[in-house]
Amino acid sequence: RRGPAAPVALPSTSPPRRRPPDMVTAAQAYWLNRKRRRARNEGVGVRTMGIVLNRVQTPNSKSASVTPPFTTLKHHYASGDGDVTDIRCVDVGWYSVPSGAATLLGNDHTVKRFLEYPVGSGVFHQFKWSGATSVSVPDGGVVKSDVLLNSVTGQPLVISKDDMVHERTVILSSGPAPAIEQASGSIALGIPDGNVAADRGDNGSISAGASTARFGATAFVGAINSASARSFVILSDSIGSIGSGDVSGVGAKGGSGWPARFLDRYSLPYFKIGGGGVSLYNITGTSLARIEALLAELEFSDVLMQLGLNDHTNSRTEGQIQGDMVTIMGLAAFDGKLRHQSTLLPRSDSSNGFVDVAGQTAKTDGTMSVLPTTNAYIRGPAAYINGQLFEVADIGMSARDSGVWAAPPAPTTDGVHPNTAMAASIAASLTLDAL
């Protein structure tokens, strides 16, 4: 016999059970939506380790005694090749000057650091070092942080490709600290970077200022969500490391100097080694061990060298210059990397403010007379170049090996450093070959 009919479930007239809206913060909603979007991203799970944020470099000056706490805001852009994660910051206890590319600071210094992301959200993510919220960077040493965790989810922070982030570094120790000199003040450059004599690591606002000195991380490394992501180490003097002369603007992603402006066009992150007056022999001398220790903490795919002009000023012979170039490009840290080099720009005097070629005279001090020989060696191309030769000299000079600047318009104010118009012109004239 058939039993009684099974009961029929009727549609519920009650509203679905939902989490009360006030239990989901705006920040949590943002990160939950990001997680869903990431699951749909092309190439998830394929990553390349490298430098993940641009506008980072070795310190190129030593500050006067700092009264703590003192906070710097610096802006950076993430790699354009893919979302970035597993982010770690690197700091050094030295700085670059003409007498040495890695000069001892003379004391330890203590920092803490945050990234604000998304910019303007008031959501800050704090770096830690073996779980500690601050770190003492030893004089002459190098330190690397833990992976940066998202302060909302507790998982490794993910920054979408091409997004801007704001770094906030707080100096917690008194005494000198290694600083980063900009080409000009932030207001003149049109960027948001600034300082404040207070602890604003994860709170309050920091305004752009006229000062050219900033504190901040030496580099940010991590994983880029792409199988073919690229990131660069730039070896340069004041033209590339500071962007000296490039004082009235920046590249598409905040870069100063032609190398950074050039890589800005391709949304590629970079890290600079060098400073004002730095020569090839400054790197190959007593500074080399410290630079190698720093490079050992980084991952990157390409290295671009724009060095040698100061060697001519300082009377280095052609043999010495070429030997130092071979030594630098032969460093173990550059094994397996694409090695690029640029030809060298001129140095000249002018009787009329560099407004034309006729009023210029090529400098002949030191060994400047052999600059054409050096450029010919680079154009060879030099045996160590397995990447690209960037023909910068032919863009900056009035004619090949003329020793004077192309003009008009005026390309420089001092005969050494390309101004903003010339730096932008060089960057726009170069092309980066695809892998």
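This report covers aromatic contacts and nonpolar cores in a predicted model.

**Aromatic pairs**

A search of the whole structure turns up 6 aromatic pairs. A pair of aromatic rings is described by the distance of the centres and the angle of the planes. Two of these pairs involve Phe 262 and appear below.

| Pair | Centre to centre | Angle between planes | Class |
|---|---|---|---|
| Phe 262 and Tyr 266 | 5.6 Å | 80° | edge-to-face |
| Phe 262 and Phe 390 | 5.2 Å | 70° | edge-to-face |

The Phe 262 and Phe 390 planes stand at 70°, so this pair counts as edge-to-face; the cut-off is over 60 degrees. The contact joins distant parts of the chain. Phe 262 sits in helix H4 (residues 258-264), while Phe 390 belongs to strand E23 (residues 389-390). They are 128 residues apart.

Through ring pairs, Phe 262, Tyr 266 and Phe 390 form a cluster. How accessible is Phe 262? Its relative accessible area is 0%, so Phe 262 is buried. Phe 390 is buried too. Tyr 266 has 26% relative accessibility and therefore counts as partly exposed.

**A charge over a ring**

Phe 300 has Lys 337 over its face. The distance to the ring centre is 4.8 Å.

**Nonpolar cores**

The largest nonpolar core holds 69 residues. Which of them touch the most other members? Ile 159 and Phe 220 do. Strand E5 (residues 84-92) supplies the largest share of this core, with 5 residues.

Another core, of 20 residues, lies apart from it. Its members include Leu 263, Leu 345, Phe 390 and Ala 427. Phe 390 thus appears both in this core and in the ring cluster.

How values were computed
Residues numbered from 1 in each chain as written. Predicted model: local features only at pLDDT ≥ 70, side-chain atom pairs only at ≥ 80, totals over all residues. Heavy atoms only, no water. Phe/Tyr/Trp six-rings, centres within 6.5 Å; stacked < 30°, edge-to-face > 60°. Buried < 20%, exposed > 50% of the residue type's maximum accessible area, 1.4 Å probe, protein only. Helix = DSSP H or I, 4+ residues; strand = E, 2+ residues; numbered from the N terminus. Lys NZ or Arg CZ within 6 Å of the ring centre and 35° of its normal. Core = buried A, V, L, I, M, F, W, Y, C linked by side-chain atoms within 4.5 Å.
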